[in-house]
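Thank you for making time for this one. I would like to walk you through a single structure, beginning with how its strands are put together and then turning to what is packed around them.

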Amino acid sequence: MRIVILGASRFGEAIAATLIDAGHEVVIIDRSREKLEELAERLDCGMLEGDGTMPTTLREAWRDEDDVFVAMTNASEDNILAALVARSIGFGRVIPQILSNELLNVCEELDLKDVINPHATVARDFAEALQDRAELDHDTALSGALALKRVHVPARLAGESYGALDLPDDMRGVALIRDEEERLLSDDLELAEGDHILFVLPRDDLDELGRRFRGEEEEERQP
């Protein structure tokens with residue numbers, strides 16, 4: 001399958017890496033040449049600099065009607081516009097990320113049936129965790145080489161920016177949950193005690209992730 005992703009965000013990178021590992025052909029579109037050059041060092045996929053809401057850019061990325069288009073920018077309105085333009089060009093399937101619940105009805109009216117809504121996903125995972133009496137930092141439904149893991153930010157990391165954590169490239173944080181608010185991660189986002197971070201990472205690295213996010217008391221108990 002060939003997938004075109006609009007948006008070189010951490011979430012977009014995590015999705016691209018997962019698709020590449022699964023053997024799919026991926027092309028990432030972003031306006032920032034700098035972001036694309038950074039991703040090119042980590043991902044083996046096509047890169048296209050340009051405005052992904054414009055027909056000229058999407059025509060350059062499109063190959064045939066079997067292509068899938070995924071709009072992953074942090075602006076729901078841009079994702080909706082890009083999805084509509086992609087559909088008009090001929091992409092066989094278009095999937096916009098919608099961060100505002102108010103726009104979900106708009107997507108239905110525009111016949112955009114496939115959407116990514118991180119807020120709804122986090123809420124569903126939370127409800128399932130309560131129903132199952134599971135820890136909130138449990139592994140979710142990924143069952144192959146990758147795992148989706150939610151971790152608690154300890155007091156010793158409070159005040160640090162996410163980018164300052166200097167995590168391995170394949171340990172990718174995609175979302176931060178603070179109180180009842182969820183947001184996509186950025187390197188300059190300042191962490192607070194009690195935050196939760198949602199990671200996508202190789203299953204073999206789960207123990208290392210847990211070690212990096214231990215609290216001070218847990219560190220003292222380690223031999």
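Before we look at any strand, let me fix one term: two strands are said to pair if DSSP finds at least two bridges between them. Please also keep in mind that what you see is a predicted model.

With that term in hand, take strands S2 and S3, which run parallel and are joined by 4 bridges; within this pairing, Asp30 has Glu49 of S3 as its bridge partner. These two strands belong to an open sheet of 5 strands, whose order is S3-S2-S1-S4-S5 and whose pairing is parallel. At the edges sit strand S3, residues 46-49, and strand S5, residues 93-96, each of which pairs on one side only. If we ignore direction, neighbouring strands of the sheet are turned against each other by 15° on average.

Now to the helices on this sheet. Helix H2 lies across S2 and S3, and runs at about 170° to S3. Helix H4, residues 76-89, also packs on the sheet, where it touches S1, S4 and S5, and its direction makes about 175° with that of S5.

Let me move on to the interior. In soluble globular proteins, nonpolar side chains tend to be buried together. Here the largest nonpolar core has 24 residues, and those touching the most other members are Ile5, Ala16, Val26, Ile28, Leu43, Val70 and Val174. Several elements each supply at least two residues of this core, among them strand S1 (2-6), helix H1 (10-21), strand S2 (25-30) and strand S7 (172-178), and the largest share, 4 residues, comes from H1. A second, separate core holds 21 residues, including Ala61, Ile89, Val94 and Leu103.

Which residues does Val174 contact, if we leave aside its neighbours within four places in sequence? They are Arg10, Phe11, Ala14, Leu184, Leu185, Leu198 and Val200.

Finally, the aromatic residues, for which the structure holds 3 aromatic pairs. In one of them, the rings of Tyr162 and Phe199 have their centres 6.4 Å apart and their planes at 45°, so this pair counts as tilted. Because Tyr162 lies in the loop between S6 and S7 while Phe199 lies in strand S9, the pair ties together parts that are 37 residues apart in sequence. Are these two residues buried or exposed? Both Tyr162 and Phe199 are buried. Ring pairs also bring in Phe213, so that Tyr162, Phe199 and Phe213 are linked into a cluster.

How values were computed. Residues are numbered from 1 along each chain as its sequence is written. This is a predicted model: local features need pLDDT of at least 70, side-chain atom pairs count only at pLDDT 80 or more; totals for chains, interfaces and linings use all residues. Side-chain values use heavy atoms; hydrogens and water are left out. A nonpolar core is a set of buried Ala, Val, Leu, Ile, Met, Phe, Trp, Tyr and Cys residues joined through side-chain atoms within 4.5 Å. Buried means under 20% relative accessible area, exposed over 50%, partly exposed in between (1.4 Å probe, protein chains only). Contact means heavy atoms within 4.5 Å. Rings of Phe, Tyr and Trp (its six-membered ring) pair if their centres lie within 6.5 Å; planes under 30 degrees apart count as stacked, over 60 as edge-to-face and the rest as tilted. Axes are lines fitted to C-alpha atoms, for helices over the stretch in contact, and angles run from 0 to 180 degrees between N-to-C directions.
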